[in-house]
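The following exercises concern burial, packing and charged pairs in a protein chain. Each task is followed by a solution in steps.

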Amino acid sequence: MRSDLTRLRRVAVALACVAAVSGPALGQGAAPSPRDLEALNYYVGSNDTTAAEAELRRLRAQFPGWQPPADLSRLRQTQPTAEIDRIYREIASGNLTGARKTITDTQAAFPSWTPPDEMTRLLETSEAQAAFDNAVRSGNSQQAVEIARRSPQLLRCDRVNNAWQL
């Protein structure tokens, strides 16, 4: 195990030397690729802070425009997982504004991620249900009918009470 760390450190130093000699040819993109981040991910996963800091210095030199995240463990994560769970929990608890904000924040953190269709449909249905409930509660039957017209999923069998309330 110790020899593996030593070998990886030597590879990192050799890569740093090659990057210094080669200049921008190696760091063609504005951000490191997942392959470029392998050594850093290894060091972070092994809790080897000294090697991780050295690798960060090398990456910053090779990719001057790149800013690593404050939490380096996020580098290993290419798709949101905890964020998706949080969105579903927010929808289930009725925090629909929070769910929308979490989706926006997640898309900013993971630009290649788009919410699954199921999540989008569930959120839209929950928002329509909340608006429908508010219209019924306030006695605004015209608004309730309009919401039901725009959101026919509110009148399906699994939401039979909505038809009764209309």
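**Exercise 1.** Is T106 buried or exposed?

*Solution.* The model is a predicted one.
Step 1. T106 is located in helix 5.
Step 2. The relative accessible area of T106 is 2%.
Step 3. The limit for a buried residue is under 20%, so T106 is buried.
Step 4. Leaving out residues up to four places away in sequence, T106 is in contact with P80, E83, I87 and W113.

**Exercise 2.** Describe the secondary structure of the chain and its overall burial.

*Solution.*
Step 1. The chain has eight helices and zero strands.
Step 2. Along the sequence this gives the pattern α-α-α-α-α-α-α-α.
Step 3. Of the 166 residues in the chain, 31% are buried.
Step 4. The exposed area of the chain is about 10900 Å², of which carbon and sulfur atoms supply 54%.
Step 5. Among contacts with a separation of 6 or more, 54% join residues that are 24 or more positions apart.

**Exercise 3.** Which residues form the largest nonpolar core, and which helix gives the most to this core?

*Solution.*
Step 1. The largest nonpolar core consists of 12 residues: L37, L40, Y43, V44, A51, A52, L56, L59, F63, W66, L72 and L75.
Step 2. Two or more residues of this core come from each of helix 2 (38-45) and helix 3 (49-62).
Step 3. Helix 3 contributes the most, with four residues.
Step 4. For one core member, L59, the contacts are P32, D36, L37, L40 and W66, when residues up to four places away in sequence are not counted.
Step 5. Another core, of nine residues, lies apart from this one; among its members are L96, A99, I103 and W113.
Step 6. As general background, nonpolar side chains tend to be buried together in soluble globular proteins.

**Exercise 4.** How many salt bridges are counted, and what distance separates the closest N and O atoms of R100 and E127?

*Solution.*
Step 1. The count is six salt bridges, with a cut-off of within 4 Å between the side-chain nitrogen and the carboxyl oxygen.
Step 2. In the pair of R100 and E127, the closest N and O atoms are 2.8 Å apart.
Step 3. R100 belongs to helix 5 (residues 96-109) and E127 to helix 6 (residues 117-137), so this salt bridge ties together parts that are 27 residues apart in sequence.
Step 4. R100 is partly exposed at 36% relative accessibility, and E127 is partly exposed at 26%.

**Exercise 5.** Analyse the salt bridges of E146 with R150 and of E38 with R35.

*Solution.*
Step 1. E146 and R150 form a salt bridge with an N to O distance of 3.9 Å.
Step 2. These two residues are four residues apart in helix 7 (residues 141-150), which means a separation of about one helical turn.
Step 3. E146 is partly exposed at 34% relative accessibility, whereas R150 is exposed at 57%.
Step 4. E38 and R35 form a salt bridge at 3.6 Å, N to O.
Step 5. E38 is partly exposed at 46% relative accessibility, whereas R35 is exposed at 63%.

**Exercise 6.** Which residues form a nonpolar patch on the surface with about 230 Å² of accessible area together?

*Solution.*
Step 1. The patch is formed by V145, L155 and L166.
Step 2. Of these residues, V145 is situated in helix 7.
Step 3. The relative accessible area of V145 is 32%; membership of a patch requires over 30%.
Step 4. V145 is therefore classed as partly exposed.

Technical notes: Residues numbered from 1 in each chain as written. Predicted model: local features only at pLDDT ≥ 70, side-chain atom pairs only at ≥ 80, totals over all residues. Heavy atoms only, no water. Buried < 20%, exposed > 50% of the residue type's maximum accessible area, 1.4 Å probe, protein only. Contact = heavy atoms within 4.5 Å. Areas by Shrake-Rupley, 256 points an atom, 1.4 Å probe, with all protein chains shown as cover. Patch = residues over 30% accessible without salt bridge, like charges linked within 9 Å, V, L, I, M, F, W, Y side chains within 5 Å. Core = buried A, V, L, I, M, F, W, Y, C linked by side-chain atoms within 4.5 Å.
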